[in-house]
Amino acid sequence: MIDFHLHARKKRGWTLKILRLYDRAGVHRAVTFGLGDALGEMTNPEVLALCLKHPDRLIPFAHVRLGRDTARTVKSLAEEGFRGLKAIWPIAPYDDKRFWPLYEEAARLALPILFHTGIVLRSKVDERQPVSSLWMRPGTLDLVARRFPKLKIVAAHLGGPWFDEAFMISRVHPNVWLDVSSGSGWRSKGMNARYFGEKLGWWNGFVKLIFATDQPHTKLSPADAVREWKGILAAARASQSTQKRFWSANASEILNMKFLVVLGFWIFLL
Ligand SMILES: [Zn+2]
């Protein structure tokens, strides 16, 4: 199993604690990133150092600031060893033309982008720059997905409260997936197995979902999140292959993991 959404906290002893929780839940790897001081999280270089210590468990994503970082930033992040990018708090809607060169470079380098979508909590960032949840609506990714068909886009949190928008965007675009992380769990919002069955059952929308938890900004432990989604998938009678896509296959494909295994094997032979 792969958790596609882990925030690296800047706190002593935190890493071992989260890895132990993952062990208990049967989660093997996590896409890891930090949003820096504003949230008491690691910076990009700290995330990279952490992931290098646990290369079999943690996959480094770099936090990019849309409006400040450029295509050149993306190139050097890839050279440093980041496997993807995390975007949040853009200074304009995600489809703003100013961000296009950065998207183009990410697509060229096969770096997926995990976009925060939907409502965003208030934070110290609000005082430093303009922030609007509307600029992170799932619909703002429609143009990005069309314009950059090779860019792999993962929209986080099902775009809440614009769920229908997120479901449709992921259905029509082969290069858009949805990360199912949630702060308090979906059941607590009244979104149970029946809800997901009705919303995603027709034109199998379940195939575009990806397991994700948003640790540690969630009340659910990794084991709780695994339990919640096993229940939803079972009630929806999701096929074995859909379930495999949800827990790991979609993530492996987005992260080019098979390619890396093959590459590693050849390097080993040489
Ligand atoms: Zn998050």
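The following exercises, each with a worked solution, concern a predicted model.

**Exercise 1. Helices α1 and α9**

Determine how the axes of α1 and α9 are oriented to each other, and state which residues form their contact.

Solution.
Step 1. Helix α1 covers residues 14-25 and helix α9 covers residues 222-235; their axes come within 8 Å and cross at roughly 30 degrees.
Step 2. Angles under 35 degrees count as roughly parallel. The helices α1 and α9 are therefore roughly parallel to each other.
Step 3. The handedness of this crossing of α1 and α9 is right-handed.
Step 4. On the α1 side, the contact is made by L21, Y22, R24 and A25, which meet P222, A223 and V226 of α9.
Step 5. Sorted by class, the contact of α1 with α9 holds 6 nonpolar residues, 1 charged residue and no polar ones.

**Exercise 2. Helices α8 and α9**

Carry out the analysis for α8 and α9, giving the relation of their axes and the residues that meet.

Solution.
Step 1. The axes of α8 and α9 come within 9 Å, and their crossing angle is roughly 55 degrees.
Step 2. That angle makes α8 oblique to α9.
Step 3. The crossing of α8 and α9 is right-handed.
Step 4. A193, F196 and G197 of α8 meet G231, I232 and A235 of α9.
Step 5. In the contact of α8 with α9, 4 residues are nonpolar, 2 are polar and none is charged.

**Exercise 3. The setting of strand β2**

Establish whether strand β2 is enclosed or open, and identify how β1 pairs with β2.

Solution.
Step 1. Strand β2 consists of residues 29-33, and 5 of the 5 are buried, so β2 is largely enclosed by the rest of the structure.
Step 2. The two faces may be taken in turn: R29, V31 and F33 are buried on one side, and A30 and T32 are buried on the other, so that both faces of β2 are covered.
Step 3. Strand β1, residues 2-7, is joined to β2 by 4 bridges, and the two strands run parallel.
Step 4. One bridge pair is L6 with T32 of β2.

**Exercise 4. The packing of helix α7**

List the buried residues of α7 and name the elements against which they pack.

Solution.
Step 1. In α7, the buried residues are F163, E165, A166, F167, I169 and S170.
Step 2. These buried residues pack against α6, β6, β7 and α8.

**Exercise 5. Backbone exceptions**

Locate the residues W89 and A110, which have positive phi, and the cis peptide bonds at P161 and P216.

Solution.
Step 1. As a general background, most residues other than glycine have a negative phi, and most peptide bonds are trans.
Step 2. W89, which is not a glycine, has a positive phi near 55 degrees. W89 lies in the loop between β4 and α4.
Step 3. The cut-off for a buried residue is 20 or more other C-beta atoms within 10 Å. W89 has 22 such atoms and is therefore buried.
Step 4. A110 likewise is not a glycine, and its phi is positive at about 55 degrees. The loop between α4 and β5 contains A110.
Step 5. With 16 other C-beta atoms within 10 Å, A110 is partly exposed.
Step 6. The peptide bond joining G160 and P161 is cis, with omega about 10 degrees. P161 lies in the loop between β6 and α7.
Step 7. A cis peptide bond also runs from Q215 to P216, with omega near -5 degrees. P216 is placed in the loop between β8 and α9.

How values were computed: Residues numbered from 1 in each chain as written. Predicted model: local features only at pLDDT ≥ 70, side-chain atom pairs only at ≥ 80, totals over all residues. Axes fitted to C-alpha atoms, helices over the stretch in contact; angles between N-to-C directions. Parallel < 35°, antiparallel > 145°, perpendicular 65-115°, else oblique. Left-handed = near helix turned anticlockwise from the far one by under 90°. Contact = placed C-beta atoms within 7 Å. Nonpolar A, V, L, I, M, F, W, Y, C, P; charged D, E, K, R; others polar. Buried ≥ 20, exposed ≤ 12 C-beta atoms within 10 Å, placed from the backbone. Pairing = 2+ DSSP bridges.
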